[in-house]
Amino acid sequence: MREGQRRILVVEDELTIAESIAARLRAEGFEVELAHDGPSAVAKAEQVVPDLIVLDLMLPGFDGLEVCRQVQAHRPVPVLMLTARDDETDLLVGLAVGADDYMTKPFSIRELAARVHALLRRVDRSVDHFGKRPGSTIVLGDLEIDPVERRVQRAGEPAHLTPTEFELLAHLAGRPRAVVPRERLLSEIWGWTDPAATRTVDSHIKALRRKLGADLIRTVHGVGYALEVPK
Ligand code: CA
């Protein structure tokens with residue numbers, strides 16, 4: 001699929017910012033839809049089925065966290081969250097809310113567009129990677145990963161993972177019990193090399209544990225993570 005055909009939902013109540021993001025993304029060939037508050041963002045996401053959502057945290061109605069929860073409950077969609085301050089980003093990373101990436105205002109529109117492209121490439125890469133092995137459901141104890149449908153269940157219970165969470169789980173599941181360094185996860189999944197960004201990995205691990213059980217992923221302090229094979 002060409003990126004020119006991609007649809008992006010921009011959710012931002014500050015109209016000047018919303019319009020400048022939309023203009024830049026349209027100039028790069030994306031189809032852009034806009035929403036300016038929480039409830040209409042959820043409705044719009046159901047209606048237009050975006051490939052990615054640029055989502056401001058503080059919104060009228062209800063906030064970006066609630067938008068994220070409601071939208072992700074239907075289907076996994078990549079989310080780039082916009083926050084007003086660095087400490088808000090820290091808080092969200094700690095909460096493991098299910099956004100794939102964060103940007104703190106003020107940001108450059110050029111940088112935002114670059115992050116959007118990077119996030120879409122990450123999702124594509126994940127699909128391509130698994131597309132080569134159709135029908136190969138990975139079964140590790142009571143954990144089942146269907147790479148084609150991108151479905152995960154544990155003990156028969158389906159889990160709703162974001163695209164990034166799915167890719168992180170798939171990375172670890174590719175070599176069960178092996179310790180994968182955080183820096184390597186960061187570079188292979190996010191395409192980042194900044195070691196200071198490894199807390200991003202930690203937040204997504206935290207989300208996976210919350211959704212699939214704390215016993216699934218072992219922390220190897222100072223090194224990284226390993227997937228335990230559940231009974
Ligand atoms: Ca706002």
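## Around the calcium ion

At 51% relative accessibility, Met-58 counts as exposed, since the cut-off for that label is over 50%. Keep in mind that this is a predicted model. Asp-13 is partly exposed, with a relative accessible area of 29%.

Both residues help hold the calcium ion: its protein donors are Asp-13 (OD), Asp-56 (OD) and Met-58 (O), at 2.1 to 2.3 Å. Along the chain, the donor residues follow the spacing D-x42-D-x1-M. Asp-13 sits in the loop between β1 (7-11) and α1 (15-27), and Met-58 in the loop between β3 (52-56) and α3 (64-74), so this pair ties together parts 45 residues apart in sequence.

## Where α6 meets α8

Helix α6 (residues 163-174) and helix α8 (residues 198-212) have axes that come within 10 Å and cross at roughly 85°. That makes α6 roughly perpendicular to α8.

On the α6 side, the contact is made by Thr-164, Glu-165, Leu-168, Leu-169 and Leu-172. Facing them from α8 are Val-201, His-204, Ile-205, Ala-207, Leu-208, Lys-211 and Leu-212. Sorted by type, the residues of this α6 and α8 contact come out as eight nonpolar, two polar and two charged.

## Lys-231, after β12

Lys-231 belongs to the segment after β12 (224-227). With 88% relative accessibility, Lys-231 counts as exposed.

What does Lys-231 touch, leaving aside residues up to four places away in sequence? Its contacts are Gly-141 and Asp-142. As for Arg-199, 32 residues from Lys-231 along the chain, the C-alpha atoms of the two are separated by 29 Å.

Methods:
Residues are numbered from 1 along each chain as its sequence is written. This is a predicted model: local features need pLDDT of at least 70, side-chain atom pairs count only at pLDDT 80 or more; totals for chains, interfaces and linings use all residues. Side-chain values use heavy atoms; hydrogens and water are left out. Axes are lines fitted to C-alpha atoms, for helices over the stretch in contact, and angles run from 0 to 180 degrees between N-to-C directions. Helices (H or I, at least four residues) and strands (E, at least two) are DSSP runs, numbered from the N terminus. Angles under 35 degrees count as roughly parallel, over 145 as roughly antiparallel, 65 to 115 as roughly perpendicular and the rest as oblique. Contact means heavy atoms within 4.5 Å. Ala, Val, Leu, Ile, Met, Phe, Trp, Tyr, Cys and Pro count as nonpolar, Asp, Glu, Lys and Arg as charged, and the others, Gly among them, as polar. Donors are N, O and S atoms within 2.8 Å of the metal (3.2 Å for Na, K and Ca); water is not among the atoms, so sites may look incomplete. Buried means under 20% relative accessible area, exposed over 50%, partly exposed in between (1.4 Å probe, protein chains only).
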